[in-house]
Each structure stands twice: as C-alpha cells, then as structure tokens.
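Hi everyone, thanks for making time. I'd like to walk you through a ligand site, a metal site and the cysteines, so please have a look at the screen.

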Amino acid sequence: MSVRDVLRGIIGIELDENDPFGRPARRRTLDISHNVILYLEDITVSFDGFKALNKLNLTIDAGELRCIIGPNGAGKTTMMDVVTGKTRPDSGTAFFGQSIDLASLTEAQIAHAGVGRKFQKPTVFERHSAFGNLELAMTADKRALPSLVARLRDEERDRIADTLRLIGLGGEADRPAGLLSHGQKQWLEIGMLLMQDPRLLLLDEPVAGMTDDETMRTAELFVSLAGKHSLVVVEHDMAFIEALGGRITVLHEGAVLAEGDLAAVQNDPRVIEVYLGR
Amino acid sequence: MREPPLPPLLDARQRAGLGIFLAAALILVPALHLVFPPGHVLHVSTYTVTLLGKIMCYAIVAVAMDLIWGYGGILSLGHGLFFALGGYAFGMYLMRQIGRDGSYRSELPDFMVFLDWKDLPWYWAGSEHFLWAAALSIAAPALAAFVFGYFAFRSRIKGVYFSIITQALTYAAMLLFFRNETGFGGNNGFTDFKRVLGYPITSPETRLALFGVTAGALALSFLFVRWLVNSKYGRVLTAIRDAESRAMFIGYDPLWFKLFAWTVSATLCGVAGALYVPQVGIINPSEMSVANSIEIAVWVAVGGRGTLIGPIAGAFAVNLAKSWFTVSFPEYWLFFLGLLFIVVTLRLPRGLAGLWRAPRRKDAPPEAEP
Ligand SMILES: Nc1ncnc2c1ncn2[C@@H]1O[C@H](COP(=O)(O)OP(=O)(O)O)[C@@H](O)[C@H]1O
Ligand SMILES: [Mg+2]
C-alpha cells in the first residue's frame, strides 16, 4: 500500500504518479486533437481459451453516433467491458482520446475520465428514489470522505429535476427505483448517464423492453446528444438503428465483419451470410 | 447561495426516546442504586447495574455491526476480535493500576512474574497512562481493521468469502492470545483489577460512573452512525451494497467506501471493549471465540438490519434472555439462540424493528439481498 493510495483514499488527494514531489495530479484531460475519442487496437479477450474478442479494431470519432450490431455472443458486451475496465484484455491497446490508456485505470477512474455506461440488463439502485439515483450519478467529488459532508446545491437540484423531466420521470422523483417499470428503469439509467456528463456513452441494448413509442423517443434523445457527446449503441432493433442514422459496425466472433451505413451493411454478402446463412 | 435545510438527524419521537434513555441511565438507575438499600423493592442491584452496563457495550457493537452489515452489506464474523483488542488495550492499563497489590507484590502483572519475566515487554510501554491506553484501545482495532480491510477490499473479496476470512483471522488471533509468550496473560487473560484512575474499581460510585460513560458512548455511537448513514456517503455505501458495479461505473471506488465503514465499525467495537473490561472485570481470549462473533450477527439480525435502533434492541433482548437462560437452563442457551435465529429469519425478516414500525407499504422498495 503506497503513500499515494492512502492519501487518495483518506484525505482525498490524488497525487500525480509521475511527479517526483508527489504533488496533486491535474484532472485527466481528454485529448481529441485527432478527432478520435476511442481507439481499440488488436484487442483479444479469451475466457478459458474461447476468444470472445479476437484482434478487434474499432475507432470512434469524437461526436459520432455509432451502432454496433451482431449476433448473440459476437462480443459486443465484452467490448464495452474492456472499454470500462470491467474486463482486462489479454492483448491489444485501448485508448480514450490520444493520451488516456484505459488499461492503466480502474473502473471508477475511467468513469471520471468521461466514459459512461448503460448495462444490458437495466441496473439502477432499486432502494434509492429516482431522484436519489440521479443525485448519486451526478458529476461531483466522488471520493469517500468528501461525500460525508457533500450537500446538494440549488442548481444541482434543478439539474436533477430537469433530467427527471427529460426522461419522463418528473412525477416519480420520490418513488423507489425498484418499483419503476422496466422501460422506466431503462430511462432512469440513461438519465444517470446524462448526469455524469460523459464524453463517451456506451449503451448496451438500451431499448430492450421498451414500447415502440418509447423506442422512438429514445432514438430522438440519442440523436440530440450526438455531436456534444460520442455514443456507441449496441442494438438488435433495426427500426431503432435506422432512426439513429449513424454508421454501423457489424461484429462477428469477436472481430469486425463489416462497417458502413445501413444500406451498405444490409447488402454486404458476409453480413447476410452471418445473419441468414445458418 | 441558499442552502436548503438539512433534515433533522432525529425526529421528535426519536429525540424523546434518546432523552428518556439518557435520563434513565444517568439519573434513574444511579439514584435507585444508591438511595435504596439492598433488599428494598426499588433497589437496583450491583448485578443489574453491571449486567445493563455490559449489555450497553454489546449494543455499541451491534450499532457498529449494523453499519458494516446492514448498510454496507458486508457480514463480519470477526467483530469479536476488534472488541477484544479494545478490551485488551484498556486491560493493560487496569493491570498496571494493580501496582504492587497483586499476589506476588511485584510491579509486574502476576502472570509475568509467574513466567519469570524480569521486565515488561516493549509493547506494554506507556500502558500505565490512562490516556495512552484509551488511545490504544481505539488505535489498535482501527489499525488492524484498516490494514486487513485494505487488502481484502482491494482484492475484491466479498460475501461469504469475506465472512470466512474474518472468522479465520479472529480464530488465529485467539490462538495467539492463548499463548503465554504473547504477553497478554494466556488463557486466563487479565483479571483481578483493583483500580481505575486511582478509584477502587468495584465501588458503587466507580461502577455508576462507568455505567454512565457507557450510556453516553452508546448514545454518541448511535448518533454518529446515524449521521454517517444519512449523509451522501451513507447513500453511496448502500448503493454499493445493492449494485456495486453500477456504483463503480458512475465513478465511486468501493474500496474506500467499504474501508471507511469497516474501520469506523472496528473502532466502535474497540471503544465498547474498553468500556466492557472494567465493568465485567475480566478479558480473556474467549472473547475472540467463533461463537462470540456469530452472536453479534444474531443480535443485529434479531433487531433488524439497517435500522440502527433495531440492533440495539436486539442486543438487549438477546442478552437479557441469555442472562436468564444461563442462570436457569444453561444447557439450553445455544438451542434457544439457534431457534431464535431461525424464527426471526423466517417470520420476521425485518427483525424486531419490523414489529414497531408501520407495516410494510405495498409500494415499498425491495429488500436488500441478504
Ligand atoms: N465472464 C465470462 N466468462 C466466460 N465466457 C464469457 C464471459 N463473458 C462473455 N463470455 C462469452 O463471450 C462471448 C461474447 O459474449 P458477449 O460479449 O456477452 O456477447 P454479445 O453481447 O455480443 O451477445 C459469448 O460466447 C459469451 O458466452
Ligand atoms: Mg450483450
């Protein structure tokens, strides 16, 4: 246990790893000077010899809205696990912007650097109110000791209320999240992502369990977020993907099979074979 | 910038309850003990004062356990260790206060004379000072918990694995303390205390002073932990309990949230242990036995996890029952304890606290995973 770890945890001071005098680190700044927000290069992940990702290469531009499709087991969720630090790749490099090496950061540090994630199965804090879920997600000093004395400011309250309205939960602020419907939980989790104000949003099957109407409203929301944020959306729902209108990457057996706009991908013979051939 | 007022720490009913508790502990019990002679119907006996004082120490431990188990979702089966460390640290001071009044008329504690030791071991240095011993009874469990917790939580040891490791740690410590060479009196531990701060340890005034300090410590522990769990820190702690990866991916590092609750919890146990030893008059390695640590979890389960007041009630209920059983039917106590645990688990998932709280609303959130 290093002095740096102790200081970080106990008095909440983050020391710069490379500073010989151990002075507090600057916030990790995202460098998108080459207009790229995410680089995955030759990423391989194996589970007991089975390669869930097999030399995966993927580049996401800043402000882009990218859809990822692919059959079950193609490695879509595993790709998000690698980006968010949940799974460490066996080989390959993952960079957030030009300078942030994701392999060297913990899950919480990756979140602070600006990556937000929605899980495939909606995951919210069921015993906390909808308001409380957004409050915990909101950008803030998220270290243990500072949170002992953290108080909500008026403008933070307003921001939470605005987000609640945006995700259609304005009337459910005090309701425990565990009692919301499946679709409402999906929206709440999206709201939590927004409160984090991430630069890159990873959304794993965000409209599963939503009605057609909710699905289309979600598409509108995502389209409005693109530009300021970069989004990577994993989905099966073709109507939803069409409404998003972004570039599409097809994953198959842990690698990229095809990439392009919807028409190009749908007419690609390899894609047709994977989806229809067996 | 206007800040909205914080919700009060206690509502009117809880404030009244706290007031009644403190009045009873600081005025009523001492008055009944001193004013009425033994034999009088209103007399509170020395036995009762000691018993209640002891149970209040256990109640502090129950509050500590509720912080880490009820709110943190981390079941410790090693809280007896932290309690014992606090007790031993303060017990060293009580041993030094015996002075030359021991059986061997030596400055050294009797068990050291018996072992033919000529000097105090280095870690007994300073133990003649009350403040040093008091500080040590807080620092020793805090440090032990911090170091153990740091490695366990950093390695992401969870659930039943964590519980088993805490149990093993406590068991190892018990074996260590059983050894005479460890320098803590072997299997006899510390006993035959004479004085605390120069006052005779069994005089009614000393007993009542210790009783009052314990009541104050219980009230402060309760208020402090309640403040903790009501803060944003506390809400994050329960969020980590309920959905740890969600909490990580919104930027909270579970290590430090768990480690802080764990260390605070161990520290409170140390305080309880330090208050327990002068009242009960003995500390030995059996405090670190497997059964003791499990009993702590039973108090909290019986009282109702995640309610603070419930575990206090649980500590009182179970220990009052225990003191009656061990006098009347000593051989049945463990059966009763097991039965109680089963009945509470099956019939009263929210413990005693569930009885006097409003019945569960239909739209109440789902319970935490056990
Ligand atoms: N933790 C794990 N252990 C073993 N196998 C896993 C694990 N996670 C994923 N896999 C396997 O990796 C493959 C890719 O899974 P996943 O990324 O979830 O696919 P997708 O999200 O594209 O449906 C699947 O065959 C899955 O069974
Ligand atoms: Mg998936």
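An oxygen atom of ligand 1 sits 3.0 Å from a polar backbone atom of G75(A), and a polar backbone atom of G73(A) is 2.8 Å from an oxygen of ligand 1. T77(A) joins in with its side chain, where a polar atom lies 2.7 Å from a ligand 1 oxygen. For these polar contacts I mean pairs of N or O atoms within 3.5 Å. The protein covers 60% of the 560 Å² of accessible area that ligand 1 has on its own, by the Shrake-Rupley method with a 1.4 Å probe.

A quick word on the source: this is a predicted model, where local features need pLDDT of at least 70 and side-chain atom pairs count only at pLDDT 80 or more, while totals for chains, interfaces and linings use all residues. Residues are numbered from 1 along each chain as its sequence is written, chains are lettered from A and ligands numbered from 1 in the order in which they are written, and side-chain values use heavy atoms, with hydrogens and water left out.

So who else is around ligand 1? The shell, meaning residues with a heavy atom within 4 Å, includes F47(A), F50(A), A52(A) and K76(A). It divides into 4 nonpolar, 5 polar and 1 charged, with Gly counted as polar. Both β2 (50–61) and α2 (76–84) of chain A supply at least two of these residues, and α2(A) gives the largest share, 3 residues. Helices here are DSSP runs of H or I with at least four residues, and strands are runs of E with at least two.

Now, which residues coordinate the magnesium ion, ligand 2? They are T77(A), through OG1, and Q120(A), through OE1, at 2.0 to 2.3 Å. Donors are N, O and S atoms within 2.8 Å of the metal (3.2 Å for Na, K and Ca), and sites may look incomplete because water is not among the atoms. T77(A) is in helix α2 and Q120(A) in the loop between β6 (115–118) and α4 (130–137) of chain A, so the pair ties together parts 43 residues apart in sequence. T77(A) is partly exposed at 27% relative accessible area, and Q120(A) is partly exposed too, at 37%; buried is under 20%, exposed over 50%, and partly exposed in between.

Last, the cysteines: over all chains there are 0 disulfides, taking a disulfide as two cysteine sulfurs within 2.5 Å. Why does C57(B) have no bond to its closest cysteine sulfur? That sulfur, in C269(B), is 11 Å away, too far for a bond. C57(B) is buried at 0%, and C269(B) is buried at 0% as well.

Methods:
Polar contact = N/O pair within 3.5 Å; in protein donor to acceptor, adjacent residues only side chain to side chain. Buried < 20%, exposed > 50% of the residue type's maximum accessible area, 1.4 Å probe, protein only.
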